[in-house]
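Me: I have a structure here that is new to me. Could you walk me through the terms people use for it?

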Amino acid sequence: SNQRSFKLGYTPAVRPMLREVDGQLYLYGIARQGPMVCVHKITADGLQPTLTKHMPTARGFVGGQHPTLLSKGGVLIQVGTHRLGEPMRAPAGFPGRACVACPTDGGLALAWLPSAGKGFRFATARPGDAPEESQVLPKEDIGALDAVGTSDGAHVIFTREPTGPGETASAWVVELPGGKPELLVESDEDAYSIHVAAG
């Protein structure tokens, strides 16, 4: 095996995210000191910093393939390899119990499980706008969710918990805004975890 270890150079405040961008590996993190947002390109020689930005209000990354920062006061910022995106306002109930964010034209599509209650919520955040929140399947128990962005929204993939004895948790997909949920796969096995593969 070809294992190597590199010194990070900071104490992470949250678990760093490893992502591939244009064939290069990048490590996205938040340093406890500062706090600072730190992005490093992983090269054969080690970690090469591509972005360090002082951000005292940083709380952590929200779920999904694309590094998105949530800061205190409900501000969302996409983190690029070399720069930060425009700040956007998160909806009131976000991030809830679990959440995902993914880029869409000029903004971020957001899906999350509310802190209390059933179903999930969806909204699109854009710079300068207050996002409008919609409820999806408000009578259903939702287990896990992930999403991939489309031009004006997202395909949200989620699990619905069993409603009666002998039933299994099932995987579903819905195109939002406006689409109808469809069963993703017929299976007798419980669907308990969902992850969109990069690319």
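What follows is a set of questions about names and terms, with replies.

Reply: Happy to help! This is a predicted model, where local features need pLDDT of at least 70 and side-chain atom pairs count only at pLDDT 80 or more, while totals for chains, interfaces and linings use all residues. Residues are numbered from 1 along each chain as its sequence is written, and side-chain values use heavy atoms, with hydrogens and water left out.

Me: Why is Phe 122 called buried?

Reply: Buried means under 20% relative accessible area, exposed means over 50%, and partly exposed lies in between, with a 1.4 Å probe and protein chains only. Phe 122 has 4% relative accessibility, so it counts as buried. This residue is found in strand S11, residues 120-125; strands (E, at least two residues) are DSSP runs, numbered from the N terminus. The C-alpha atoms of Phe 122 and Leu 110 are 5.6 Å apart, although 12 residues separate the two along the chain.

Me: And what makes Glu 186 exposed?

Reply: Its relative accessible area is 69%, and the cut-off for exposed is over 50%, so Glu 186 qualifies. You can find Glu 186 in the segment after strand S16 (182-183).

Me: Which residues gather with Glu 186 in a patch of negative charge?

Reply: Glu 161, Asp 188, Glu 189 and Asp 190 join Glu 186 in that surface patch. Asp and Glu count as negative, Lys and Arg as positive, and His and the chain ends are not counted. Patches take residues with over 30% relative accessible area and no salt bridge; like charges are joined within 9 Å, and nonpolar side chains (Val, Leu, Ile, Met, Phe, Trp, Tyr) within 5 Å. The place of a charge is NZ of Lys, CZ of Arg, CG of Asp or CD of Glu. Accessible areas come from the Shrake-Rupley method with a 1.4 Å probe, and for residues only the protein chains shown count as cover.

Me: Why is the contact of Lys 118 and Asp 141 called a salt bridge?

Reply: A salt bridge needs a side-chain nitrogen of Lys or Arg within 4 Å of a carboxyl oxygen of Asp or Glu. Here the N to O distance is 3.3 Å, so the pair of Lys 118 and Asp 141 meets the definition. The pair links distant parts of the chain, 23 residues apart: Lys 118 is in the loop between strand S10 (107-113) and S11, and Asp 141 is in the loop between strand S12 (134-136) and strand S13 (142-149). Lys 118 has a relative accessible area of 39%, so it is partly exposed, and Asp 141, at 38%, also counts as partly exposed.

Me: How many salt bridges does a search of the whole structure find?

Reply: The search finds 3. Among them is the one between Glu 140 and Arg 160, whose closest N and O atoms are 2.5 Å apart. This pair joins the loop between S12 and S13, where Glu 140 sits, to Arg 160 in strand S14 (residues 154-160), 20 residues away along the chain. Glu 140 has 19% relative accessibility, so it counts as buried; Arg 160, at 13%, counts as buried too.

Another is formed by Arg 121 and Glu 133, with 3.7 Å between the closest N and O atoms. Arg 121 is in strand S11 and Glu 133 in the loop between S11 and S12, 12 residues apart. Arg 121 is buried at 13%, whereas Glu 133 is partly exposed at 41%.

Me: How do you know that strands S5 and S6 pair?

Reply: Two strands pair if DSSP finds at least two bridges between them. S5 (residues 58-62) and S6 have 4 bridges, so they pair, in the antiparallel sense. One of the partners is Ser 71 in S6, which bridges to Ala 58. S6 is also joined by 4 bridges to strand S7 (residues 75-78), again antiparallel, and there Ser 71 has Val 75 as its bridge partner.

Me: What makes both faces of strand S6 count as covered?

Reply: In a regular strand, side chains alternate between the two faces of the sheet. In S6 (residues 68-71), Thr 68 and Leu 70 on one side and Leu 69 and Ser 71 on the other are all buried.
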